[in-house]
Amino acid sequence: MTARSFSIPRTAVVAVTAVVIFLPLGLIFWQSFLNAPFFNPEHRVGLAAYAFIFEDADFWTAFLNSILIAAGMVIIALPLGAALAFLLTRTDLPAQRSIEVLVLIPVFVSPMVLAFGYVVSMGPVGFYSLLAKDLVGDVPWNVYSLASIAVIAGLTHVPHVYLYSSAALKSLGSDVEEAARVVGANPLQVAMNVSLPMTMPALFYAAVLVFFLGFELFGLPLVLGDPEGRLVLSTYLYKLTNKLGTPSYHLMAAVAVCIVAVTFPLVLLQRWLLKSAGKYVSVKGKATRQKLLPLGGWKWVALSIVALWLIFTIVVPISGIALRAFVEQWGEGINLADVVTLDNFRGVSDQSDQVRAIINTLLIGTIGGGLAVACYTAIGLAGHRQRGGVARILDYIVLIPRAIPGLLAGLAFLWIFLFVPFVKELRNSIFSVWLAYSVVWLAYGMRLISSALLQIGPELEESARTVGASNARVLKDVTLPLIRFGLLASWLLVFMIFEREYSTGVYLLGQGTEVIGSMLVSLWGAGAIDQVAALSLINIALVAVGLAVALRFGVRLHE
Amino acid sequence: MNKSANKLVVEGLYLQYGDNPILKGVSLTLNPGEVVALLGASGSGKTTLLRAVAGLEQPNEGRIAIGATVLYDGAAKVELPVEKRNLGLVFQSYALWPHRTVFENVAYGLRLRSKDAGDVERRVHEALTNLGLSALSQRLPHQLSGGQQQRVAIARALVYNPPVVLMDEPLSNLDAKLREEARAWLAMAMSDRILLLNYGRIEQQGTPEEMYDRPQTQFSAEFMGSNNQLPGKVAQVVDGRAMLEGDGWRLWGTARGNLKTGDVATGVIRLERTRIANGEGDNRVRTELITDMFLGDRRENLFQLGALRLRCYGKTTNGTTCWLELPQEHLWIFARPQELRSDHV
């Protein structure tokens with residue numbers, strides 16, 4: 001195909017993509033340099049907003065907390081994720097296939113739900129806390145401390161490290177390790193001099209990713225940091241309104257810009273790391289069978305560590321939610337049999353907004369997910385086999401939303417839906433939430449689409465061109481049919497991601513735009529624990545359905 | 001290989017993956033200073049044999065030793081770890097470490113043998129210079145061409161003077177289009193000795209001359225060189241000679257293996273031993289010329305003999321009818337025609 005072919009559909013796709021990305025981002029930037037909300041006629045340009053937050057001690061505490069938590073997460077998640085990847089790709093650990101599936105569950109459960117799960121299981125009067133109190137006479141932990149937040153966040157981000165390091169270990173040809181053995185290195189020397197340095201780029205990438213995710217953490221610190229008043233940057237931003245009592249959009253925008261100032265370089269660093277890792281891609285060669293390291297008696301030790309991790313990150317929070325959803329109340333001296341009830345679910349079904357939230361969540365996952373995949377495909381195809389400027393521009397602009405945490409993107413879209421003519425009317429429709437979700441997850445979706453497109457050899461399309469098919473016909477007759485399965489798989493993954501999303505909808509929450517995720521944030525703020533428990537369980541069930549379908553059809557759970 | 005006076009001896013090596021036997025009792029000896037080529041069709045077990053010697057595959061039985069050092073002994077349950085075998089192995093994929101420079105790739109084996117830094121530097125530079133790589137020592141493998149990568153892999157295997165250097169497909173990168181047949185010619189030109197491997201067994205071993213001039217089996221005969229094949233039936237056997245009979249022709253040849261009258265057999269003769277004769281005579285067949293090709297230094301002709309096609313070099317005389325002579329001493333008659341795999345003919 002020609003290097004720089006101009007076509008109207010392609011240009012339109014690129015233009016629309018640019019608008020939905022740059023408009024909200026631009027709005028945040030502009031707003032941050034005003035001294036009042038931009039719709040306030042009194043506003044003037046200046047640095048007043050920055051001056052205000054930089055003088056606020058809470059801002060700096062929150063900033064420091066964000067960095068401490070993010071760093072703590074890296075320290076915890078990196079060695080565990082790498083060890084898990086090693087165990088699952090290079091050793092004869094039993095039950096590998098089941099563990100591989102279980103490992104990914106924390107990725108798909110909403111952090112809001114997980115955080116709530118830890119509160120009801122391990123909080124001061126949580127199910128397991130009281131159990132521990134019965135056994136040892138005291139609750140030996142405090143989930144509300146900064147260290148606890150970092151530990152919980154770290155353990156729930158182990159899968160991210162696992163994904164990247166296992167991919168690196170799988171692509172590491174056994175021949176380079178064998179070559180080291182032959183020249184005289186023992187297995188430990190092989191690990192230290194060859195395997196580890198060669199997986200280093202992946203580990204470094206994973207470390208940057210986890211730090212980045214830690215920096216934009218919202219649900220966990222919102223729920224777990226609240227009782228002891230610990231703020232991180234995102235929760236500081238969220239609480240700004242309460243702090244001043246008036247919508248202080250300019251201050252929120254200034255905090256948002258500060259967050260993006262940290263996350264955007266991290267995204268660029270990730271991209272650079274991914275690119276420079278290319279030189280470590282081992283020489284082609286024949287695929288030799290990987291020899292698995294026999295663990296011998298150690299396999300049970302390894303298996304128990306993995307099992308402990310799975311219990312802590314999946315069983316504990318989810319069992320807590322499941323229990324809490326079926327009891328009226330919980331505390332010391334309460335007998336489980338006395339408080340069992342279905343009232344929590346009745347409570348949800350009595351509230352029209354909560355029922356709407358469930359329906360909207362379903363719609364946004366199924367129809368919205370399908371539409372999002374269609375949009376991502378259109379963007380992917382616009383850059384497909386293009387070597388010119390268009391592809392380069394697309395390559396970078398789809399990265400930008402990656403740097404904007406969902407909470408901020410939701411805020412920016414709120415402003416757009418409040419004040420931009422013609423789209424104002426859509427403010428109270430679920431479309432606003434869908435658009436924000438689709439933009440926030442653009443980078444993720446594009447990775448799914450491009451990995452599907454990468455499966456097609458260029459000669460398949462080129463041969464169609466040579467036998468006389470136009471660009472459009474090639475698309476319709478060759479490209480799309482070939483990525484069909486990849487698109488369906490992407491739809492399923494986007495469904496799960498959209499079911500799980502919560503922070504993006506927070507500011508967009510209103511009559512008609514309720515989704516379970518933002519509803520949980522709002523209900524948690526209002527202290528409606530019963531309904532939070534019931535909705536959390538429903539949310540878990542929705543994600544579980546997606547997960548079950550994905551497993552049934554053998555969809556790879558990561559890009 | 002080098003000065004060490006140790007022989008590499010492999011005895012009765014047997015190796016299987018699951019139920020699939022790859023090596024079925026391979027025995028061979030490599031003498032000091034000898035260049036030995038291992039030939040065989042793809043899937044014949046060449047790579048597996050090299051890897052088993054290096055210790056990267058676990059044989060099921062047999063014995064491998066270099067001089068007095070036993071590398072593997074199935075009966076005595078001895079299995080020296082790979083890194084203790086002190087061998088050089090050049091991988092087919094080269095397996096250069098992408099995170100180390102050319103220098104560091106080559107130096108690694110010396111550093112593991114704790115040579116002092118100056119010695120390492122000197123020996124690595126010597127090895128790189130010998131292979132024409134001295135200007136590239138600070139490059140990373142991905143900055144090299146395929147041929148350069150291969151030479152780094154060779155330098156890496158030679159630098160610590162292992163008693164035996166094993167090379168897996170060392171000619172594969174010289175010309176990717178080099179076919180197995182052509183590699184057989186190269187192996188003959190380069191090696192002191194050739195081992196021909198066929199489905200996990202050594203089919204025949206010997207000097208290139210022995211392999212070419214006195215093949216013991218039809219497989220050996222056909223693996224090297226260009227041949228005419230004449231399937232037929234044994235009509236007569238007289239002390240070491242046999243008469244092969246086909247559709248309208250009878251030829252005397254040298255019997256290979258046990259032949260009895262009535263056996264199904266195949267006559268094999270090298271193309272260059274097949275001659276255009278000027279008329280009827282002993283061991284000659286009457287053929288029709290189908291076509292001829294100009295090859296530069298000579299002409300190759302294709303003849304028809306009943307349903308058979310025969311080829312030979314030389315200038316044909318007038319007309320399309322030709323007499324070909326297949327000298328008795330060069331026409332080998334092998335019993336029981338073997339199914340030949342198409343990928344090496």
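Which residues does A:A256 touch, once residues up to four places away in sequence are left out? In this predicted model, the list is A:I28, A:S32, A:L237, A:L408 and A:L411. Keep that alanine in view, as it takes us straight into the interior.

A:A256 is among the residues with the most contacts inside the largest nonpolar core, which has 228 residues. Chain A also puts A:F116, A:V210, A:V255 and A:L520 on that list, and chain B adds B:L39 and B:V106. If you want to know where the biggest contribution comes from, look at helix α3 of chain A, residues 57–90: this helix gives the most to the core, with 16 residues. There's also a second, separate core of 24 residues, and among its members are B:V234, B:A255, B:L326 and B:I333. As background, nonpolar side chains tend to be buried together in soluble globular proteins.

Now step back and take in chain A as a whole. Chain A has 27 helices and 0 strands. Its radius of gyration is 25 Å, and the globule rule gives 24 Å for 559 residues, so chain A is as compact as a globular protein of that length. Lay the C-alpha trace of chain A along its principal axes and the spans come out at about 65 × 65 × 45 Å. Of the 559 residues in chain A, 45% count as buried. The contacts reach a long way along the sequence, too: take those in chain A between residues at least 6 apart, and 77% of them join residues at least 24 apart.

Chain A is divided into two domains, and both are built from pieces that are split in the sequence. Domain 1 covers 1–8 + 342–559, while domain 2 covers 57–233 + 292–340. Taken over C-alpha atoms, the centres of these two domains of chain A are separated by 26 Å. Where they meet, 24 residues of domain 1 of chain A are in contact with 21 residues of domain 2 of chain A. On the domain 1 side, α17 (343–350), α25 (471–500), α26 (516–526) and α27 (529–552) of chain A each supply at least two residues. α27(A) gives the most to that side, with 10 residues. By residue type, the domain 1 side divides into 16 nonpolar, 6 polar and 2 charged.

Before leaving chain A, have a look at A:A95. This residue has a positive phi of about 60 degrees although it is not a glycine. You'll find A:A95 in the loop between α3 and α4 (96–103) of chain A. Is A:A95 buried or exposed? A:A95 has 12 C-beta neighbours inside 10 Å, so it counts as exposed.

Next comes the place where the two chains meet. The contact takes 24 residues from chain B and 22 residues from chain A. Helix α2 of chain B (residues 102–112) provides the largest share of the chain B side, 3 residues. That chain B side divides into 15 nonpolar, 6 polar and 3 charged residues.

Chain B has strands to explore, and a good place to start is β4 (residues 61–66), which pairs in the antiparallel sense with β5 (residues 69–73) of chain B over 4 bridges. B:I66 has B:T69 of β5(B) as its bridge partner. The hairpin of β4(B) and β5(B) has 2 residues between the strands, and B:G67 takes a positive phi near 55 degrees there. Carry on along the chain and β5(B) is joined by 2 bridges to β6 (residues 78–79) of chain B, again running antiparallel. In this pairing, B:D73 stands opposite B:V78 in β6(B). The hairpin of β5(B) and β6(B) has 4 residues between the strands, and B:K77 takes a positive phi near 55 degrees.

Another hairpin of chain B is made by β9 (residues 193–198) and β10 (residues 201–206), antiparallel over 5 bridges. B:N198 stands opposite B:R201 in β10(B). With 2 residues between β9(B) and β10(B), the turn contains B:Y199, whose positive phi is about 45 degrees.

One last stop is B:N161, in the loop between α4 (146–158) and β8 (165–167) of chain B. B:N161 has a positive phi of about 50 degrees although it is not a glycine. Its 16 C-beta neighbours inside 10 Å mean that B:N161 counts as partly exposed.

How values were computed:
Residues numbered from 1 in each chain as written. Chains lettered and ligands numbered in written order. Predicted model: local features only at pLDDT ≥ 70, side-chain atom pairs only at ≥ 80, totals over all residues. Contact = placed C-beta atoms within 7 Å. Nonpolar A, V, L, I, M, F, W, Y, C, P; charged D, E, K, R; others polar. Core = buried A, V, L, I, M, F, W, Y, C linked by C-beta atoms within 7 Å. Buried ≥ 20, exposed ≤ 12 C-beta atoms within 10 Å, placed from the backbone. Domains from an automatic or database assignment. Pairing = 2+ DSSP bridges. Rg over C-alpha atoms; globule rule 2.2 N^0.38 Å.
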